[in-house]
Amino acid sequence: SKREIKMRKLDSTKVRPLKSEQLLHIEDHDFALRPGFGGSPIPVGIDVQVESIDSISEVDMDFTMTLYLRHYWKDERLSFRSNKNKSMTFDGRLIKKIWVPDVFFVHSKRSFIHDTTVENIMLRVYPDGNVLFSLRITVSAMCFMDFSRFPLDTQNCSLELESYAYNEDDLMLYWKHGNKSLSTDEHISLSQFFIEEFSASSGLAFYSSTGWYNRLFINFALRRHIFFFVLQSYFPAMLMVMLSWVSFWIDRRAVPARVSLGITTVLTMSTIMTGVSASMPQVSYIKAVDVYLWISFLFVFLSVIEYAAVNYLTTIEERKQLKKRGKASGMYMDAVQAMAFDGCFHDTDVDMDLSGFSEPCEDSETRTSETNISNADTTRLKRKRSLKGNVGRIILQNNHVIDTYSRIIFPSVYIVFNFFYWGLYI
């Protein structure tokens with residue numbers, strides 16, 4: 001009646017619907033329900049354009065990505081008449097009044113919709129009820145990384161999309177254009193990684209309490225730049241190992257020089273290893289860089305042990321020489337005193353030239369023959385010594401040979417180790 005119409009006009013508590021809302025008949029439908037409620041599942045197409053990969057964190061095992069997420073579906077409740085068959089575009093204010101898919105990111109840690117200068121949301125409705133819903137989102141999600149080959153590794157990460165409330169009986173997620181649904185900016189680059197590939201895939205996820213859900217995957221492979229770690233870890237470790245070999249050319253009696261060089265290289269290797277470990281997660285398995293650094297540390301440590309062995313053998317040799325010289329000096333004095341007493345030189349086992357003191361004696365021939373017999377017995381005893389004793393005596397008398405062999409063995413083994421290491425991991 002005219003009276004009721006007049007009362008509605010005078011009622012200021014009701015807000016008049018916008019012209020766009022009137023055109024879409026928003027007040028005539030319950031948009032809390034999905035399109036086609038009670039029937040077959042509604043298909044929702046997805047396509048993604050990756051704007052940038054902002055960061056990759058090995059410590060937190062996650063990545064941060066900025067992308068444009070677009071949804072496509074058909075809601076006949078939003079269809080409208082259009083003489084020119086043109087679509088209508090809206091911003092985020094209309095989103096709260098209609099039904100939109102509840103897509104979320106699985107294994108997401110943080111995410112947000114950009115809101116500068118306004119929320120980066122676009123809604124485009126076509127006359128036949130087809131809808132395009134686009135968002136600009138930055139999301140940080142988990143990436144389960146394997147560091148057993150670090151830093152010569154390749155990491156495979158994925159960003160997973162899924163409906164939170166609607167299982168496969170109500171909503172069917174799919175890639176709108178197949179493999180072409182995933183596009184990337186041509187200028188995407190990372191400081192520590194090469195982006196080898198981007199790919200799109202789909203699957204199903206099962207939850208025991210709610211059922212099966214469609215899930216979409218954005219897969220990408222990252223191969224690490226090795227040059228940074230060569231400069232920061234591998235090359236300094238090589239230099240420290242080669243620096244430890246310098247001690248093999250330093251005189252074995254220069255104890256302060258060789259000891260200080262060995263300690264310096266050991267401490268430097270420890271610092272390099274600590275720096276690498278500090279920037280990595282505390283994993284329970286051995287990484288490739290750990291193998292290289294620990295083997296390098298072992299070479300440096302063995303160079304210190306090598307000098308300890310040389311110094312010890314040198315000390316034993318010098319003591320034996322001092323004892324031999326002291327004993328020879330005592331025998332020499334006894335021989336001089338005996339010759340002064342009876343006027344005849346008494347031969348001893350000492351290897352000295354005492355010809356200046358020898359004079360003819362009556363029993364010299366007899367004593368000479370006895371001495372020859374004694375020397376022959378001594379020679380036979382020496383020949384019966386074991387090979388082990390001979391080798392030990394040679395080492396004691398020529399312990400500088402250890403340094404000579406070390407100059408060849410240490411570099412050769414280290415080169416072989418590098419050959420196998422880089423061949424195995426590259």
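The predictor's confidence in each residue, expressed as pLDDT on a scale from 0 to 100, averages 82 over the protein chain of this predicted model, and 77% of the residues reach 70 or more. Confidence is lowest in helix H1 (residues 2–10), where the mean is 50, and highest in strand S7, where it is 96. Two stretches have pLDDT below 50: residues 9–16, which make zero contacts beyond near neighbours in sequence, and residues 338–366, for which 26 such contacts are found in the model; a contact here means heavy atoms within 4.5 Å. Where pLDDT is low, the predicted coordinates should not be read in detail. Because the model is predicted, local features need pLDDT of at least 70 and side-chain atom pairs count only at pLDDT 80 or more, whereas totals for chains, interfaces and linings use all residues. Residues are numbered from 1 along each chain as its sequence is written, and side-chain values use heavy atoms, with hydrogens and water left out.

The protein chain contains eight helices and twelve strands, taken as DSSP runs numbered from the N terminus (helices H or I, at least four residues; strands E, at least two). Of the contacts in the chain with a separation of 6 or more, 76% are accounted for by residues 24 or more positions apart. Buried residues make up 36% of the 426 residues, where buried denotes under 20% relative accessible area, exposed over 50% and partly exposed in between (1.4 Å probe, protein chains only). The chain exposes about 26,600 Å², of which carbon and sulfur atoms supply 57%, the areas being obtained by the Shrake-Rupley method with a 1.4 Å probe, and for residues only the protein chains shown count as cover.

Strands are treated as paired if DSSP finds at least two bridges between them. Strand S12 (residues 211–224) is mostly covered, eleven of its 14 residues being buried. Strand S11 (residues 193–207) pairs with S12 in the antiparallel sense over 14 bridges, with Glu 197 bridged to Ala 221 of S12, and a hairpin of three residues joins S11 to S12. Strand S8 also pairs with S12, in the antiparallel sense and over nine bridges, and Thr 154 stands opposite Arg 223 in S12. Elsewhere, strand S1 (residues 42–57) and S9 run parallel and are joined by five bridges, Gly 45 having Tyr 174 of S9 as its bridge partner. In a regular strand the side chains alternate between the two faces of the sheet. Along S9 (residues 171–175), Leu 171, Leu 173 and Trp 175 point to one face and are buried, while Met 172 and Tyr 174 point to the other and are not.

One disulfide is counted under the criterion of a pair of cysteine sulfur atoms within 2.5 Å; this bond joins Cys 143 to Cys 157, with an S to S distance of 1.8 Å. The torsion about the S-S bond is about -80°, so the disulfide is left-handed. Cys 143 lies in the loop between strand S7 (130–142) and strand S8 (154–163), and Cys 157 lies in S8, so the pair ties together parts that are 14 residues apart in sequence. Both Cys 143 and Cys 157 are buried.

The unreviewed UniProt entry places the feature "transmembrane region" at residues 226–247, 259–279, 291–310 and 408–425; positions from UniProt are given in the numbering used here, feature names are shortened, and annotations may be inferred rather than shown by experiment. In the model, residues 259–279 are 95% helix and 0% strand, with the end C-alpha atoms 31 Å apart. Residues 408–425 are 100% helix and 0% strand, and their end C-alpha atoms lie 26 Å apart.
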